[in-house]
Structure formats: C-alpha cells, structure tokens
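Let's take a friendly walk through this one, question by question. Have a look at the model below, and then we can begin.

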Amino acid sequence: MKSLLEQIEAFVPGCPQEERDRETMLTYLRTHPDALTREDEQAHMTASAWVLSPDRRRVVMVYHNIYQSWSWTGGHADGACDMLSVALREVREETGLKELTPITEDIFSLECLHVAAHEKNGKFVADHIHMNVTYLLQAGEETVRKKSDENSAVAWFLPEEALAASTEPWMVEQVYRKLVDRAASYMK
C-alpha cells in the first residue's frame, strides 16, 4: 500500500483549487511531523467521504451541529496514516452505516478547508486548516441514524437537493458542486 504522501503525489488534480491544495498538503506533511494529529493546531489531516446510496442515485448528508448546515461526513486522522480507513470510520460513526464499499480506493478529491474558531465540548478551538482527503463510497441497504454529539439528522438527498440543503455557500460552490459533478459518472 502506498504511503499517504505517495497517494497525494499520485493524485491528479481536477481543478486549480486541487493543484494548489495538493502542493500545500505535500509541503506541509513533509515539514510538520504532527500534521496527522490535532497536536498541530495550525493545520492537520482529515478525511471525508461522498457516500452514494445503494442505487447510486442519492448522497448521504448529516446536519452538522457546529456549522448548522447539511454536510458530508468526515473527521480527524488522529494519528492514522490510512485516510480511507479514517473516512470509513467517520461515516460509520456519523451515520450508522456499516456496509460501505469504496467505489474507488483512490483519493476522490483534495481540499484545504478553513475552520473558523469555535467551541467544541466546552473547549475553545482556534482557527486552523483541515487538509482534507475525500473518498467516494457506496453504502449498503441500511437505515441511517444520527450521532447526537456531532449531528442532529442524517438523510439521503438527490445531488441537487444536497447542494440546495447546505447553508455553507463556499462549501457548496467549491467542494460539494465539484463532488456532485465528479460523482455523476458513477451514478445511475
């Protein structure tokens, strides 16, 4: 299996944002040994998933408690180097879905995401960057459930409905639109 650096190096950017963010991630990972942990409070690795329904017509979204918006699933690497495993873990935790299959094990998209200062579990978290790796997954025939400490709802959306449901304009325009367009060739 390729290392995380090798996987990011092998990723072929699909747009200028990914070209820039890919280089940022590679440089940062090479120079910041704590980038896989939250110990690096400036920037650290995260993994997300764009999860298609069993019929590949819909995408799962969670209503994120901090951002008060419908969003994809994802979370911190917390020291793990296998970002696909991180993405799978986060989908399972946040949606209750257990039967997940990578449509491709390759990185589906890359993004450096600004996280504004906020409070989580009574603790202040300063502004920082999530260097995010996204994977494309397919769910099995299962019922979704929320994870109350992170989200207040989980639902399946048609791609355009997912874009309309999110109240984060930058995420819709720069990330979710890209994922919807890119996933279209895998959808039925």
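Q: In which sense do β6 and β9 pair, and over how many bridges?
A: This is a predicted model, and in it β6 and β9 are paired strands. One facing pair is S109 and T134, the latter in β9. The sense is antiparallel, and the number of bridges is seven.

Q: How many of the seven residues of β6 are buried?
A: Buried here means under 20% relative accessible area. By that cut-off β6 is mostly covered, and the count of buried residues is six.

Q: Which helix or strand supplies the largest share of the largest nonpolar core?
A: This core has 35 residues, and those touching the most other members are I8, M45, V51, M83, M131, Y135 and L137. Several elements each supply at least two residues, among them β1 (43-52), β6 (109-115), β9 (128-139) and α3 (83-95). The largest share is six residues, and it comes from α3.

Q: Which residues does I8 touch, leaving aside those up to four places away in sequence?
A: I8 is among the core residues that touch the most other members. Contact means heavy atoms within 4.5 Å. With sequence neighbours up to four places away set aside, the partners of I8 are R22, M25, L26, L29, M45, I107 and L110.

Q: Why is C15 not bonded to C112?
A: A disulfide needs two cysteine sulfur atoms within 2.5 Å, and a search of the whole structure finds zero of them. For C15, the closest cysteine sulfur is that of C112, which is too far for a bond because the distance is 12 Å.

Conventions: Residues numbered from 1 in each chain as written. Predicted model: local features only at pLDDT ≥ 70, side-chain atom pairs only at ≥ 80, totals over all residues. Heavy atoms only, no water. Core = buried A, V, L, I, M, F, W, Y, C linked by side-chain atoms within 4.5 Å. Buried < 20%, exposed > 50% of the residue type's maximum accessible area, 1.4 Å probe, protein only. Helix = DSSP H or I, 4+ residues; strand = E, 2+ residues; numbered from the N terminus. Pairing = 2+ DSSP bridges.
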